[in-house]
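Dear colleague,

I am passing on to you the structure below, together with an account of what was found in it. Please keep it open while you read.

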Amino acid sequence: MRWQNPLRCRVWHVNAWPWSSHRFLAMQLTSVTLNFQKLPHQNFCAVAGHLMTVPAACTPERYFLFQAQEQADSLCKNPGELLTIFENGWSLLTTNFVSSKTSKHIYKMATLQAIKYSRGKLLVLDQLRLPHENHYDEVSTAEEAFDCIRSMRVRGAPAIAIVAALAHAVELHNGDCTATEPEEVIAHIEKRLDYLKESRPTAVDLSNAITLLKLATRAANLEGLAHPEAKEAILNTYIQTAEEILAKDLHNNTSIGSHGAAWLQQQYNASSEKPISVLTHCNTGSLATSGHGTALGIIRTLHSEGLLKHAYCTETRPYNQGSRLTSFELVFEGIPSTLITDSMAGALFNLHRERMNIGAVIVGADRVVRNGDTANKIGTYQLAVLARHHGVKFVVAAPTTSIDLETENGSAIEIEERKREELTQISGAIVNEDGTVDTSKTARVAIADQRIGVWNPAFDVTPHELIDAIVTERGTVVKGADGKFDFSQVLPERLASVAARQL
C-alpha cells in the first residue's frame, strides 16, 4: 500500500474475481480525505466524520474496509495511531476475505466522485460535461457553490447539501469571515447559509443540512475562551460538522443499498437462479451523492449479490440525467443495463415484465413528507402510476435527511420551475460523419420552435398511495394496515419533536 500526504482513506473492492486471482487491488478513492497536516489532533478523526474500521467478525458478502464508529475521537489521539488501525483493519479484511468460502464480493463504493474534498479545497465534477468529459470545478465561495448548484453542474439532493456545506467550510477555512465577536461570527455563517438555501428549494437535504450546521455552530463550546479563540472554536465546529455530513452520507448510502436489496429479495424470493430486473429514473448514484448512491445504490447491491438480472434507466428529460449520467455509471460498473426514453416505460412493463422478471421501479427523492408523499425528478409520478397498473413494486430510496416531517403532505412542497430553454434546446459533443464522438467540440442546438410556450417543473409529487416502500439507512418503511407510512421506527426523536410542537 502506498500512503501519501494528505492521507486518503480508500475503500477497496473485488467484484466476483476468482480466489486465485491476483487482482485484489485498490479501485477508487472515497470522498473522505484526512489531512493530518492541517488538523489539530483532537479533531482529525472528524474529517472523515467517523473513523471507519473493519469489524472483527465479517459477515458473508458484507465486507466494509470502513464501518462507522461513533467514538472516533476517543479511538485515536494521533495520525500514527489511525494509520495503525487502518492497516490492521486492512490486514483483517484480507485475511477474512481469503479464508471465506461463501463471500465473493466487497461492496463497491465511490467508484465515481462527484465531490473531491480536503480541508480548504473543494472540487466539484461538472456533470453537464458528462459523459464525454470529466472536468472538476474548484469551488471556493458560497457564490460559486450557488452557481454550481443552480446551473445543475452538481445535482442530486445529497450532493447539493454536501457541496453547499463544504463550500462555506472552504470559505471559512480560507479567512472569509472578518468578524471577531462570537455573535457576529455566527451571524455571518447563518447569513451565508441562508443565501445557499435558495439555490435549490425543493430538495430538503439542503435545508436539513443548513439547520444542522446552524445548531452545531451555536452549540460550539466557548467557555473560558477569549474572542480570537472563541472565533476559532466556532469556525472549527462548523467545518467539522460540514465534513461529517460528507462522511455520513457515504455510510448511509451503503446501508440503503443493503436494506433495499434485502427487501426486494424477500418480496420476490430472488436468487442467483431467479434474479430480478428493475427500472430507475433520473440519476441517484455516486454522481448524486458522496458515493454508492441511493436508488442506484440498491441496484449496485443487487448486482453485487447476484440478484440483478437487468437494470433499465430512463433518459429523464428534459435534462437527460438518465442518459448522460445513470447510463454512464451503469456502463462504468459493468452492470447489465438498457436505456429507454421516458415514454417507453409502459411498453416495457407490458411487453417484457414477465420475461425479464421486472420487479420494481426504484427512484430517489428530493423530499419525502410525513405521509410519504414524495417529490422527485419530473416523470416519477407517471412511473408510479404505470408500476401500479402492471403490478410492479414502486420503491423510494432516501436517506433520513430527505424526510421532511414538518410538512404533512405533498401539496405543500414547493416545486421549482426551470427555464424554458431546457426543453427547447440541447447541448452535446459533436458526432463526426463516421459516427465517432469529438469531445473537444460541443454545440447547442434548437430542438423545438423557440416561440412555443413552455412549462418546465423540475419535480413532481408521487402520492404515498402509489409507493410500496421507502428505504432509508435505518431500515425499510412500508405502509401499515391503514395505508399510511409510519416513520416512528426510523425517526422516533424527530417525529416526537414535531408532534410535541403541534400540541
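In this predicted model, Val-471 of β17 stands opposite Thr-476 in β18. The two strands, β17 and β18 (residues 475-478), run antiparallel and are joined by four bridges. A hairpin of two residues leads from β17 to β18. Val-471 also has a partner in another strand, since Ala-397 stands opposite Val-471 in β17. That partner belongs to β12 (residues 393-397), which runs parallel to β17 and is joined to it by three bridges.

Which residues of β17 are buried on each of its faces? Ala-469 and Val-471 are buried on one side, and Ile-470 and Thr-472 are buried on the other, so that both faces of the strand are covered. As background, side chains in a regular strand alternate between the two faces of the sheet.

Asp-468 lies in the loop between β16 (459-462) and β17 (469-472). Its side chain reaches the backbone nitrogen of Phe-394 at 2.8 Å. Beyond its close neighbours in sequence, up to four places away, Asp-468 touches nine residues: Trp-263, Arg-388, Val-392, Lys-393, Phe-394, Val-477, Val-478, Lys-479 and Phe-485. The C-alpha atoms of Asp-468 and Val-396 are separated by 8.2 Å, although these residues are 72 residues apart along the chain.

A second strand pair may be compared with the one above. Strand β14 (residues 425-431) pairs with strand β15 (residues 437-446) in the antiparallel sense, over seven bridges. Within this pair, Ser-427 stands opposite Arg-444 in β15. The hairpin of β14 and β15 has five residues between the strands, and Gly-435 in this hairpin takes a positive phi near 95°.

I turn next to a helix, α5 (residues 182-197). Does its length agree or disagree with what its number of residues leads one to expect? At 1.5 Å a residue, its 16 residues should span 22 Å, and the end C-alpha atoms are 23 Å apart, which agrees. The buried residues of α5 are Pro-182, Val-185, Ile-186, Ile-189, Glu-190, Arg-192, Leu-193 and Leu-196. Seen down the helix axis, these buried residues fall within an arc of 160°, and therefore they line one face of α5. The face turned away from the buried side carries the exposed residues Glu-183 and Lys-191. Among the elements that cover the buried residues of α5 are α3 (142-150), α4 (157-173), α6 (204-218) and α7 (227-268).

Some points of backbone geometry also deserve your attention. Most residues other than glycine have a negative phi, and most peptide bonds are trans. Against that background, please look at the following four places.

- Leu-130 and Pro-131 are joined by a cis peptide bond, with omega about 5°. Pro-131 lies in the loop between β4 (121-125) and β5 (136-138).
- The peptide bond from Arg-317 to Pro-318 is cis as well, with omega near 5°. Pro-318 is placed in the loop between β7 (308-314) and α9 (321-333).
- Met-152, a residue other than glycine, has a positive phi near 70°. Met-152 is in the loop between α3 and α4, and it is buried, with a relative accessible area of 1%.
- Cys-282 is not a glycine either, yet its phi is positive, at about 65°. Cys-282 is found in the loop between β6 (276-280) and α8 (295-304), and it is buried, with a relative accessible area of 7%.

Finally, I give the overall picture. The protein has 13 helices and 18 strands. Of its 503 residues, 54% are buried. Among the contacts with a separation of 6 or more, 74% are between residues 24 or more positions apart.

How confident is the predictor in the protein, on average? The mean pLDDT is 81, and 78% of the residues reach 70 or more. Over residues 1-110, however, pLDDT stays under 50, and the model has 206 contacts beyond four places in sequence for this stretch. Where pLDDT is low, the predicted coordinates should not be read in detail.

With kind regards

Terms used
Residues numbered from 1 in each chain as written. Predicted model: local features only at pLDDT ≥ 70, side-chain atom pairs only at ≥ 80, totals over all residues. Heavy atoms only, no water. Contact = heavy atoms within 4.5 Å. Polar contact = N/O pair within 3.5 Å; in protein donor to acceptor, adjacent residues only side chain to side chain. Pairing = 2+ DSSP bridges. pLDDT = per-residue confidence, 0-100. Expected span 1.5 Å × (residues − 1). Buried < 20%, exposed > 50% of the residue type's maximum accessible area, 1.4 Å probe, protein only. Arc of directions from axis to C-beta.
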